[in-house]
Amino acid sequence: MKRHFLSLILAAALMLLPAAAFLGPLTPAASATPALQPPRPRYTVIDLGGCEALAISNNGKVAGQCGSGSSARGFFWENGVMQSLGTLGGSWSIAYGVNDAGQVVGTSLAGSGYSGAFLWQNGAMQSLGSLGGNGPSGALAINNAGQVVGFSTNNTPQTHAFLWNGGMTDLGAFGDGASYAYAISDTGMVAG
């Protein structure tokens, strides 16, 4: 009898198996607990005191300008400390790029009355020169290898994109037009 009873239970279980597969898994009723929300991104907003941030490095160094017009000054910000970059002898400067080493590039009014491209590092600003013209130039980006790109008036006089790597190289232009280099990758690829 015991054997016959176990056979009946086994047969009933085998008959219910296809029905359970057809019905799918049994789920509990919806719970009153809301679904988990995805984590919110974490960030910190830092007030730079009315200054305009124009560039940031991969490790959080920031560059830009404070003030406007003839009183604007480029700045470098790192770990809560802001430094004014000074000028190339004129009344204003603006920083457009910064790399992980804290090298900053931009444009400053020079004593000549024209704007000039600069590189600021270790607390000192240096002129990057020009492509030979007597007009404006500006440095717009720097990569982690210390290569700088921007624009400069040449002897023609036309404005051409440049690459600076210890000296300024004219990157040319299409036809008779002007060119500007706005970005450089860490591998030296230039966009403009």
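Begin with the whole chain in a cartoon view, where the protein shows 1 helix and 14 strands. The model is a predicted one, and it is worth colouring it by pLDDT before anything else, since the mean over the protein is 86 and 82% of the residues reach 70 or more. Confidence is lowest in helix 1 (residues 2-23), with a mean of 46, and highest in strand 13 (residues 183-184), at 98. Select residues 1-22 next: the pLDDT there is below 50, and beyond near neighbours in sequence this stretch has 0 contacts in the model. Where pLDDT is low, the predicted coordinates should not be read in detail. For the protein as a whole, buried residues make up 36% of the 192 residues, and among contacts between residues at least 6 apart in sequence, 32% join residues at least 24 apart.

**First stop: strand 3, strand 4 and the turn at N79**

Select residues 73-84 and show the backbone. Strand 3 and strand 4 run antiparallel and are joined by 4 bridges, one place to look being F76, whose bridge partner in strand 4 is Q83. The two strands form a hairpin with 2 residues between them, and N79 lies in this loop, between strand 3 (73-78) and strand 4 (81-84). Which sign does phi of N79 have? The angle is near 50 degrees, a positive value in a residue other than glycine. Most residues other than glycine have a negative phi. N79 counts as exposed because its relative accessibility is 69%, where the cut-off for exposed is over 50%.

**Second stop: N122**

Move on to N122, in the loop between strand 7 (115-121) and strand 8 (124-127). Here too phi is positive in a residue other than glycine, with a value near 55 degrees. At 80% relative accessibility, N122 counts as exposed.

**Third stop: A101 and V105**

Select A101, in the loop between strand 5 (89-98) and strand 6 (104-110), and then add S57 to the selection. A101 and S57 are 44 residues apart in sequence, and their C-alpha atoms are 8.6 Å apart in space. With a relative accessible area of 61%, A101 is exposed.

From there, step along to V105, which is found in strand 6. Is V105 buried or exposed? V105 counts as buried, because its relative accessibility is 0%. To see what surrounds V105, display its contacts, leaving out residues up to four places away in sequence: V105 touches A95, Y96, G97, F118, L119, A139, L140, A141, I142 and V148. A further selection is L85, which is 20 residues from V105 in sequence and 10.0 Å from it in space, C-alpha to C-alpha.

**Fourth stop: strand 10 and its two partners**

Now select strand 10, residues 148-154, and show its side chains. Strand 10 is mostly covered, with 7 of its 7 residues buried. V148, G150, S152 and N154 point one way, while V149, F151 and T153 point the other way, and all are buried. In a regular strand the side chains alternate between the two faces of the sheet.

Add strand 9 (residues 132-142), which pairs with strand 10 in the antiparallel sense over 6 bridges; within this pairing, G138 has F151 of strand 10 as its bridge partner. The hairpin of these two strands has 5 residues between the strands, and in it G146 takes a positive phi near 85 degrees.

Then add strand 11 (159-164), which also pairs with strand 10 in the antiparallel sense over 6 bridges. T153 has T159 of strand 11 as its bridge partner. A hairpin of 4 residues joins strand 10 to strand 11, and P157 lies in that loop. Zoom in on the peptide bond from T156 to P157, which is cis, with omega near -10 degrees. Most peptide bonds are trans.

**Last stop: the largest pocket**

Finish by selecting A161, L171, G172, A173, F174, S179, Y180, A181, V190, A191 and G192, the residues that line the largest pocket. About 160 Å³ of space lies in this pocket. What is the character of the residues of its lining: nonpolar, polar or charged? They divide into 8 nonpolar, 3 polar and no charged.

Technical notes: Residues numbered from 1 in each chain as written. Heavy atoms only, no water. 1 Å grid on protein atoms, 1.4 Å probe; cavity = no way out; pocket = protein on both sides within 12 Å on 5 of 7 lines; lining within 4 Å. Points joined across faces, edges and corners; volume = space filled by probe spheres on them. Nonpolar A, V, L, I, M, F, W, Y, C, P; charged D, E, K, R; others polar. Buried < 20%, exposed > 50% of the residue type's maximum accessible area, 1.4 Å probe, protein only. Pairing = 2+ DSSP bridges. pLDDT = per-residue confidence, 0-100. Contact = heavy atoms within 4.5 Å.
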